[in-house]
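Subject: Structure handover and what was found in it

Dear colleague,

I am passing this structure on to you, with the sequence alongside, and my notes follow below it. Please read them with the coordinates open.

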Amino acid sequence: MKLCRDCQHYLAYENWSGLDSCEHPFLPKKVDVIRGQPLPHYCSEVRGSQGKCGPDALLFEPHEDLIDEDEPDRYEEAV
């Protein structure tokens, strides 16, 4: 199973609250119309059934430190 926390685009929220976000460049930029600040793409939205990544983790790219050339791809295995 591909977990957001293992993806290179994952950005953890400082204290766990379910507000972790995805910084994948494919996702369109969202802007707060009040303050003009960028809005995050929450992992729960992006991985949802209607999200760009979806339950199958289509945008998933593993962290470089998780890639071991000598090991088979553990992310392609079915759970």
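What percentage of the 79 residues in the protein chain do the buried residues make up? The share is 25%, and several of the residues discussed below belong to that buried set, including His-9 and Cys-53. Please keep in mind throughout that this is a predicted model. The protein chain has a mean pLDDT of 84, with 78% of its residues at 70 or more. Confidence in the protein chain is lowest in strand 4 (residues 38–39), where the mean is 90, and highest in strand 2, where it is 94.

Overall fold

The secondary structure of the protein chain consists of one helix and five strands, and along the sequence these follow the pattern β-β-β-β-β-α. Three of the strands form an open sheet in the order 1-2-5, with antiparallel pairing, and its edges are strand 1 and strand 5 (41–42), each of which pairs on one side only. The antiparallel pairing of strand 1 with strand 2 extends over two bridges, and Tyr-10 has Cys-22 of strand 2 as its bridge partner. As for contacts in the protein chain between residues at least 6 apart in sequence, 41% of them join residues at least 24 apart.

The cavity

A search of the whole structure finds one cavity of 30 Å³ or more, and the largest cavity holds about 90 Å³ of space. It is lined by 13 residues, of which Cys-4, Cys-7, Cys-22, Arg-47 and Cys-53 are the closest to its centre. Strand 2 (21–22) and helix 1 (43–46) are the elements that give two or more residues to this lining. By residue class, the lining of the largest cavity divides into 10 nonpolar, two polar and one charged.

Around Cys-53 and Leu-27

Cys-53, one of the residues closest to the centre of the cavity, is in the segment after helix 1. Cys-53 counts as buried because its relative accessible area is 7%, which is under the 20% cut-off. Beyond its neighbours within four places in sequence, Cys-53 is in contact with Val-46, Arg-47, Leu-58, Leu-59 and Phe-60, and Arg-47 is itself listed with Cys-53 among the residues closest to the cavity centre.

Leu-27, in the loop between strand 2 and strand 3 (30–31), lies 26 residues from Cys-53 in sequence, and the C-alpha atoms of the two are 9.3 Å apart in space. Leu-27 is also buried, at 5% relative accessibility. Setting aside residues up to four places away in sequence, Leu-27 touches Cys-22, His-41, Val-46, Lys-52 and Leu-59. Val-46 and Leu-59 therefore appear in the contacts of Leu-27 as well as in those of Cys-53, both of which are buried residues.

Also in the segment after helix 1 is Ala-57, which I would ask you to look at for its backbone: Ala-57 has a positive phi of about 55° although it is not a glycine. Ala-57 counts as buried, at 3% relative accessibility.

Around His-9 and Asp-20

His-9 is in the segment before strand 1 (10–11) and is buried, with a relative accessible area of 11%. Leaving aside its neighbours within four places in sequence, His-9 is in contact with Ser-21, Cys-22, Glu-23, His-24, Pro-25, Leu-59 and Glu-61. Among these partners is Cys-22, which is also the bridge partner of Tyr-10 and one of the residues closest to the centre of the cavity.

Asp-20 is placed in the loop between strand 1 and strand 2. Is Asp-20 buried or exposed? Asp-20 is buried, because its relative accessible area of 9% falls under the 20% cut-off. Not counting residues up to four places away in sequence, Asp-20 touches Tyr-10, Leu-11, Ala-12, Tyr-13, His-41, Tyr-42 and Cys-43. The C-alpha atoms of Asp-20 and Pro-40 are separated by 8.7 Å, although these two residues are 20 residues apart along the chain.

With best regards

Terms used
Residues are numbered from 1 along each chain as its sequence is written. This is a predicted model: local features need pLDDT of at least 70, side-chain atom pairs count only at pLDDT 80 or more; totals for chains, interfaces and linings use all residues. Side-chain values use heavy atoms; hydrogens and water are left out. On a 1 Å grid over the protein atoms alone, a cavity is a set of points where a 1.4 Å probe fits but cannot get out, and a pocket is an open set with protein on both sides within 12 Å along at least five of seven lines; lining residues have an atom within 4 Å of a point. Grid points are joined across faces, edges and corners, and a volume is the space filled by probe spheres set on the points. Helices (H or I, at least four residues) and strands (E, at least two) are DSSP runs, numbered from the N terminus. Ala, Val, Leu, Ile, Met, Phe, Trp, Tyr, Cys and Pro count as nonpolar, Asp, Glu, Lys and Arg as charged, and the others, Gly among them, as polar. Buried means under 20% relative accessible area, exposed over 50%, partly exposed in between (1.4 Å probe, protein chains only). Contact means heavy atoms within 4.5 Å. Two strands pair if DSSP finds at least two bridges between them. pLDDT is the predictor's confidence in each residue, from 0 to 100.
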